[in-house]
Amino acid sequence: MKTGLKITAFAAAVAATFGTAYGVGRGVDPVTAGGQKTAGHAEAGHAKEEQGAKEARDGHAGHGTPVAGAAAVPGGLQISERGYTLDLRTRHIAAAGERAELSFAITKDDTGRKVTAYRTEHGKQLHLIVASRDLTVYRHLHPARAADGTWKTPVELPEAGGYRVFADFTPQAEKEGLTLGADLSVAGKYAPRELPATSRTAGAGDGYEVRLGGDLGAGSASELTLSVAKDGKPVTDLQPYLGSYGHLVALRSGDLAYLHVHPNKGGPGPEVSFTATAPSNGTYRLFLDFKHNGTVRTAEFTVHAGRSAGDHSEEHGH
């Protein structure tokens with residue numbers, strides 16, 4: 001899938017270093033899905049030569065990374081690109097908290113012909129992200145496509161105001177994916193909220209907590225690690241979600257430039273690592289989806305690209 005942020009494949013030695021699963025703290029037994037403690041957990045640090053070779057054959061350096069010389073336009077900022085258009089049929093929702101149906105299509109060229117053939121990426125033909133303009137509401141949806149190319153999905157948005165809808169997909173006729181964006185509004189009294197404060201930890205409900213390691217670099221590749229714990233104990237048996245042990249989306253505050261990445265090889269926990277490059281200094285929101293005990297959960301972070309670890313507040317912004 002095409003994104004505005006580049007994903008860089010690690011060399012084998014780096015992948016082996018950062019793909020290793022670590023416990024959270026000393027003297028703490030890991031927790032498994034059945035609630036049983038284990039004496040330890042296996043290291044997972046697989047080299048990425050095969051992935052790199054495939055990406056080279058495909059003509060791109062990583063998931064969503066444009067080929068050399070391609071325009072470095074951040075993903076999600078355009079409704080049309082390379083002849084494809086996100087035709088969002090549902091532009092308004094009558095009330096906050098109301099269950100509604102989002103309807104849209106991807107069209108090709110000026111004819112308005114709907115695209116009906118897609119490549120499967122991470123288990124789905126299309127990933128749909130809906131985020132509020134103040135980045136305090138986030139939804140990751142997987143709509144169903146009719147034979148005529150129309151996509152539909154139910155959605156319930158809790159706050160009135162402006163939203164951005166992102167369609168992340170790869171047409172069957174293309175090797176490189178796209179991320180297109182369109183605006184959506186929810187009627188009602190709108191009171192924008194401040195962006196949550198930066199924090200190294202985020203709750204995900206029911207005793208789950210995720211800790212962020214590393215810093216999002218601007219203009220250069222950086223390693224981000226997210227460690228999952230439940231009730232203070234590291235989770236070592238994360239379940240695959242969309243073909244991997246974690247799924248990360250980042251949105252730039254201000255214009256909502258979009259990043260959609262998947263982890264480096266490793267797992268099944270407690271650590272999931274990602275490699276990404278922010279297109280600029282600035283504030284970003286990170287949304288990590290992970291699955292454990294059959295439930296998909298989301299942990300949210302506010303980070304500043306271009307700052308060192310010492311510049312991040314340890315306040316809880318959740």
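**Close-up views of the predicted model**

**View 1. Histidine 122 and its loop.** Histidine 122 counts as partly exposed, at 24% relative accessibility. The structure shown here and in the following views is a predicted model. Histidine 122 is placed in the loop between S5 and S6. Its phi is near 55 degrees, a positive value in a residue other than glycine. Threonine 120 is found in the loop between strand S5 (113-114) and strand S6 (126-132) as well. Threonine 120 is exposed, its relative accessible area being 52%, which places this residue over the 50% cut-off. Its C-alpha atom is separated by 9.2 Å from that of proline 171, a residue 51 positions away along the chain.

**View 2. The protein chain as a whole, for orientation.** The protein chain contains two helices and 20 strands. Half of the chain is interior by the accessibility criterion: 50% of its 318 residues count as buried. Of the contacts between residues at least 6 apart in sequence, 68% join residues at least 24 apart. The accessible surface comes to about 13,600 Å², and carbon and sulfur atoms account for 49% of that surface.

**View 3. The stacked rings of tyrosine 138 and phenylalanine 287.** Six aromatic pairs are found in a search of the whole structure. One of them is formed by tyrosine 138 and phenylalanine 287, whose ring centres are 4.2 Å apart and whose planes differ by 5 degrees, so that the pair is stacked under the 30 degree limit. The two rings link distant parts of the chain, with tyrosine 138 in strand S7 (residues 138-141) and phenylalanine 287 in strand S19 (residues 282-292), 149 residues apart. Both tyrosine 138 and phenylalanine 287 are buried.

**View 4. Further aromatic groupings, and lysines over rings.** A single aromatic cluster is formed by Phe104, Tyr118, Trp151 and Phe169. Elsewhere, rings are accompanied by charged groups. The charged end of lysine 108 sits over the ring of tyrosine 84, at 4.9 Å from the ring centre. The charged end of lysine 230 sits over the ring of tyrosine 208, at 5.4 Å from the ring centre.

**View 5. Arginine 164 and its surroundings.** Arginine 164 lies in strand S10 (residues 161-169) and is buried, with a relative accessible area of 9%. That value is under the 20% cut-off, and arginine 164 therefore counts as buried. With residues up to four places away in sequence left out, arginine 164 touches Gly76, Leu77, Gln78, Ile129, Val130, Ala131, Arg133, Gly181, Ala182, Asp183 and Leu256. Its side chain makes a polar contact of 2.9 Å with the side chain of aspartate 183. These two side chains also meet in a salt bridge, with an N to O distance of 2.9 Å. Aspartate 183 belongs to strand S11 and arginine 164 to strand S10, so the pair ties together parts of the chain that are 19 residues apart in sequence. Unlike its buried partner, aspartate 183 is partly exposed, at 38% relative accessibility. Salt bridges with shared partners join Arg133, Arg164 and Asp183 into one network.

**View 6. Leucine 256, a neighbour of arginine 164.** Leucine 256, among the residues touched by arginine 164, is found in the loop between strand S16 (247-252) and S17. Leucine 256 is buried, with a relative accessible area of 1%. Although not a glycine, leucine 256 has a positive phi of about 65 degrees.

**View 7. Two further salt bridges.** Twelve salt bridges are counted in the model. Aspartate 87 and arginine 89 form one of them, with the closest N and O atoms 2.8 Å apart. Aspartate 87 is partly exposed, at 27% relative accessibility, and arginine 89 is likewise partly exposed, at 40%. A salt bridge also joins arginine 193 and glutamate 159, the closest N and O atoms being 3.9 Å apart. Arginine 193 lies in the loop between strand S11 (178-186) and strand S12 (201-203), and glutamate 159 in the loop between strand S9 (150-156) and S10, so this pair ties together parts that are 34 residues apart in sequence. Arginine 193 counts as partly exposed at 42% relative accessibility, as does glutamate 159 at 35%.

**View 8. The cis peptide bond before proline 270.** Glycine 269 and proline 270 are joined by a cis peptide bond, with omega about 0 degrees. Proline 270 is placed in the loop between strand S17 (258-261) and strand S18 (271-276).

How values were computed. Residues are numbered from 1 along each chain as its sequence is written. This is a predicted model: local features need pLDDT of at least 70, side-chain atom pairs count only at pLDDT 80 or more; totals for chains, interfaces and linings use all residues. Side-chain values use heavy atoms; hydrogens and water are left out. Helices (H or I, at least four residues) and strands (E, at least two) are DSSP runs, numbered from the N terminus. Buried means under 20% relative accessible area, exposed over 50%, partly exposed in between (1.4 Å probe, protein chains only). Contact means heavy atoms within 4.5 Å. Accessible areas come from the Shrake-Rupley method with a 1.4 Å probe; for residues, only the protein chains shown count as cover. Rings of Phe, Tyr and Trp (its six-membered ring) pair if their centres lie within 6.5 Å; planes under 30 degrees apart count as stacked, over 60 as edge-to-face and the rest as tilted. A charge sits over a ring if NZ of Lys or CZ of Arg is within 6 Å of the ring centre and within 35 degrees of the ring normal. A polar contact is a pair of N or O atoms within 3.5 Å; within protein, one must be able to donate a hydrogen and the other to accept it, and residues adjacent in sequence count only if both atoms are side-chain atoms. A salt bridge is a side-chain nitrogen of Lys or Arg within 4 Å of a carboxyl oxygen of Asp or Glu.
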